[in-house]
Each structure stands twice: as structure tokens, then as C-alpha cells.
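Trainee: Got a minute to go through this one with me? I'd like to practise reading sheets and charged pairs.

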Amino acid sequence: QSIGCDDYLGSDKVIDKCGICGGDNTACKVVSGVFKHTLTNLGYHKIVEIPEGATKINITEMSKSNNYLALRSRSGRSIINGNWAIDRPGRYEGGGTMFTYKRPNEISSTAGESFLADGPTNEVLDVYMIHQQPNPGIHYEYIIPGDNVISPQLLAHRRPGEPLNGQLGMPESTNREDEDLRRETDTLTGQSAGTFPVIHPGRFPSHQPENQVPAVQPSRQNREHNWKQIGKTECTTTCGKGSQYPVFHCVNRITHEEVSESYCDSSTKPVPEEEACNLFPCPAFWDIGEWSECSKTCGLGMQHRQILCRQMYANRTLTVQQYRCHHLEKPETTSTCQLKICSEWQIRTEWTSCSVPCGVGQRTRDVKCVSNLGDIVDDEECNMKLRPNDIENCDMGPCAKSWFLTEWSDRCSAECGDGVRTRSVVCMTNHVSSLPLEGCGNNRPSDTTPCTNGPCAGKAEWFAGGWTQCSTECGSGTQQREVICVRKTEGNFDVLNPYECSYLEKPPSQQSCYLKPCGSKWFHTEWSTCSKSCEGGFRVREVRCLSDDMTASTHCDPQLKPEEKEPCNTQDCTPEIDENCKDKYYNCNVVVQARLCVYTYYKTACCASCTRVANRQSGFLGRR
């Protein structure tokens, strides 16, 4: 059979959350909440106050962050992470209980820090957060005794005759002999079952039944054996204040020889009392913290850790000045790290063809982020600053839509006789959508026109005159010269028909010429159709500045720019007079005023008046 919490065989009593044996969880209350305040200033910020007598304490950060939890007593003594010094995870004594400080591995875990303690606390404690980044939320929870509950940790396990808060319960029927058999103690074990420490069976003598007669013990003088201290236990620590206990054995009073403990009265055996030992401090040591996360998710990065000089004393680890650890080599605080090899950009395809056959379009290619294993991964795995372009503009040249012309050259190609004047003609894209143009087509405008500077004087045989000036002042042009068949006479030359010289090779009468580059010149299209047939319309053309290679330029003289718009058909609109359209009645003005011209009969009977009104209305709408 099992033993209940009341130490009776076969009992089914258990300890409730309040630490009461056989309780119903009503003797205490749970205090919990979440601290979610937004903090702005760096440093220590108070989160929650843990009152005296609190048990089952749990302070937990809801997710991992660069913040730290800290614990301080109301008297100002730092227990964990005080004075800007971060303690290592471990067990720390404070407020009458032992706190377990946990900080999960920073790299592999997403859990936050936590303080855990069984309690109860014997003073008020304050929990702080060392704020360095946005608060992820702090969950706190503890249990406190309910109203009118007196020391539940003792009341829960108190047996008849055991002390209550250091005082014996004294029922009226208890006699003096029973009182002498009871011993008072306020020592509790460090073990805990449930919320409050449980006093283990055997720590207090069981209550003797009233019908049991105590055994008569011989007087001290008549005893042949007694208890003697023969030494002490080994100290629990080699330094930093440990503890040890005296050791008592049963010996012969005369010979002091050790004998079996059965020869001595067990009730008279002294209770070993704890004694401090090895009070000198332990040597200082370097307390090495955990490595921080690597500064880079791939490639070579850096990680850091905290190194503190610490010293142990009285089961507590204290942070001391670093000169105390100068006899030891200080570990490195920084180290290189590499979680994995970085991914890289790869160009998987060549550029596609341009998206348009002419003009400006776009072309693309396939760019992927590839891991060191050859797998395609998200673009964020690669350095976005080094990403090659996967799209760019492409220029396939101008799309032909309109003929662009220069003005005619000023010079005729021949100084005398027939010659030609020239101009430049080019087909280019029309960028002004409002122009009524339909594209270049096959009707290319002529680039030459005939000219004459009068007849030339005759000369002998095939006579070639001098070359004329170039038909253009710049760029490509032509030169002309007169070639005639003449006959020389005394002091004169007679001009003959060309066939008279056909047996001779005729010199060329035209050749190309190029004086110098033109630079930029104004080109324009033909005029568009006039917007109106009368009363003043307008017509437009596109004007561009082009260089020698027929590309757009900005170096033309603005004062020489041809007009892009001019008026046309400025004559008045005169309606055609129809002899058959006459008014048949003298009062047709009444028909007009009554707006009866919409009817066929009146439109015919008052034709002239209705027509004049219709013309005036159309002219008014046209002007609008």
C-alpha cells in the first residue's frame, strides 16, 4: 500500500498546489500576467514585484532577444545580473530560496531567459529587464497564501504535538511529561514537493501513544558506555566556506574503546550541528559565456562572448575585478565563424532577342541564386547588391514612318547652262502622333531639281569647261561642267552638233563632291493637309535637327529652324447660291423664329431663310 502525504499507510491524501496535505487549492492564489510595455530607454526597467512568502515562482521571456532578466532584493542587493554584469546560467540564492537562472543556447534555441524558484521567499524581490531591443514580452507567475492562512508550509505537515511556527501546540489535555518528550525545531529540508517544502517523515519523533510506558533509563553515573566525539566529517568544499558535522561514536567510559552503538542510549546521542569550514575564498577564475550568433548567415563572420572574472564564496559566485584573474590566461572574446558557404549569382541564359523589330524595346536573360550544392534558392540567399541585370533596353534603330527633307541648296551645279540643285531626303520615325502622316511608303521625294544660269560660250572640239561649285556647301553634293563639240575658226569657235564629236571619248560632265561635314541641319516633313477649307485653318509638319549620320542632334541654329505650323485657307467661306432655293412667302422670318425649318414643308417654302439660319449655326459651332 502507498503512503499518503500525512504519512499514514493506505492514505490517499496528496499535497495541493498550496502545499496543504489533503487541501482543496483554496488556501492560496495564483498571480500571473505578461509584461508587454514598449520601452525606449536602454538599461534596467522594473517588471514585477515578488512579495514575501511567494512560491512556485516562474519568470520567463516569451522569445529570445538581446535583453536580459535581472533580480534584486528590496534592500538593494543584486542577486542575478546586477551592476551591468551578466551572470552565467546556474543556481543563485536570494530571498530565502534558490533561483535557477536559465539562458538557452543562443544559436540553436528560440526560447528566452527564465528565473525559477520553489520558494517561499522571506523578503520582497524585484524583477528587472535590461532593455537593449524591443520587448518580446515577459510572463510572470507565482503563488501566495490566501487570506487568513497561517504558515501553510508548516501547517500542511504538522502532526499532533509538532511545533507551529516555532511554538508548540499545547492542547489542554497535554501533561508535562508529554511536553518533555517533544523537541522543537524549525529546520526544513531543501527538497520540495508541490509548492511548499515538505517535512519528510522521520525528522520529528512520532507521537507516542498514551498507553505506552517509557522505558526506564539508567542514570548517567550507572552507565558503562556513553557517546564521544571522535572527529568531524570531511568539509563539503575545499575553499569558499563549506560545512562539516561532528561524528559521535559509542565508547567504554573507562577504556574509551569504541563499541557497538547498541551499548549506548540512542536518545542521548548528541545531534550533530553544522560547522563552517575552509572559510578562505576560492581562487578567481575566468567565467566563459556562450558564443553569440554569427554576424553573417553565410560566409566568414564574427561572434562574441562575455568573459568575466569570478570567485566562489559560500555557494555563491561573485563577479570581481579582473586583476584577480591576471594569473590566468584570458580566453578570447571574439572568434571567426562560418555557418555555411554563401550562395552565388549565376547567369543561366544568353540575352533574348529585342522585344521590338525597330525602335527601343527590352531584352531579358535568366539570373538565378545558386547554393554551394548547386540548388536554386531564394534571391535573399545571395548578395542583392551584386545581382547581374536580367533585363535591359535595346535600340533596334528608328522605325520608318515619314520622309524628312532639308531645304534646297542655294547653288546650281552649273555656272552656265543647265544644272541641278540638291537636298537631303531621309525616312525616319514620326514621334508626333498628331501629325496626319501615314508613313514613308514608296513615293520618295526627289533629292535634285533642275536649274540654269544661262547659255555657255562655244569652244573647240570636245570642250570641257571648269567644274562648277559643289551643289552643297557641306556634305555630299555634285559638280557640273559643260562639255560641247566645237570647231575652232580664226579667232572664234563654232558650236557643232554633238554627233560631230561622237568618235571622240566625251569627258564626264558631272561628278560627286564633298567639301566638309555639314554638322547638324534642320530636316522637316511635308506640310500636312489644312485643317479647314475656309475661314482660316492650319497645317503642320515635323522639324528635326539631325547630324551627318542622320541621328538626332541639338547643335542646329535655333534661329534657322523652319516653322512647324502655319495658317492656311484664310479666305471666307461663301455658300453656294442655289437659284431654285427662294422664299415663297414674305413672312418666312416668322417660320424661322418659330423654329419650323425642321419640317420639310417649311424648309421648302422658306428655303432661303432656313438655309441662311443653318449656315450661321454651322459657322458658330465651327468657331466654338
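**Strands and salt bridges**

Mentor: Sure. Let's start with Lys46, which has a relative accessible area of 40% and is partly exposed. Keep in mind that the model is predicted.

Trainee: Which residue does Lys46 form a salt bridge with, and how far apart are the closest N and O atoms?

Mentor: Look for a carboxylate within 4 Å of the lysine nitrogen, because that is the cut-off for a salt bridge. The partner has a relative accessible area of 36%, so it counts as partly exposed. That partner is Glu49, and the closest N and O atoms are 3.8 Å apart.

Trainee: Which residues are joined with Lys46 into one network by salt bridges that share partners?

Mentor: Start from the pair you already have, Glu49 and Lys46. Shared partners extend the network, and its members are Lys46, Glu49, Arg74 and Asp126.

Trainee: Now the sheet: what is the order of its four strands?

Mentor: The sheet is open, and its pairing is antiparallel. Its edges are E2 (43-50) and E5 (78-80), each of which pairs on one side only. From one strand to the next, the twist averages 30°. Reading across, the order is E2-E9-E4-E5.

Trainee: How many bridges join E4 to E9?

Mentor: E4 covers residues 68-73 and E9 covers residues 125-131, and the two run antiparallel. As one example, Tyr68 has Ile130 in E9 as its bridge partner. The number of bridges joining E4 to E9 is six.

Trainee: Back to charges. Are Arg310 and Asp87 buried or exposed?

Mentor: Their side chains meet in a salt bridge, at 2.5 Å from N to O. Buried means under 20% relative accessible area, so that is the test to apply. Both Arg310 and Asp87 come out as buried.

Trainee: How many residues apart in sequence are the parts that this pair ties together?

Mentor: Arg310 sits in strand E19 (residues 307-313), whereas Asp87 is in the loop between E5 and strand E6 (90-94). The pair therefore ties together parts whose separation in sequence is 223 residues.

Trainee: And which residue forms a salt bridge with Arg387?

Mentor: Arg387 is partly exposed, at 23% relative accessibility. Its partner is also in the partly exposed class, at 27%. The closest N and O atoms are 3.4 Å apart, and the partner is Asp390.

Trainee: Last one: how many salt bridges does a search of the whole structure find?

Mentor: We've talked through a few, including Arg310 with Asp87 and Arg387 with Asp390. For the whole structure, the search gives 19.

Terms used:
Residues numbered from 1 in each chain as written. Predicted model: local features only at pLDDT ≥ 70, side-chain atom pairs only at ≥ 80, totals over all residues. Heavy atoms only, no water. Pairing = 2+ DSSP bridges. Axes fitted to C-alpha atoms, helices over the stretch in contact; angles between N-to-C directions. Buried < 20%, exposed > 50% of the residue type's maximum accessible area, 1.4 Å probe, protein only.
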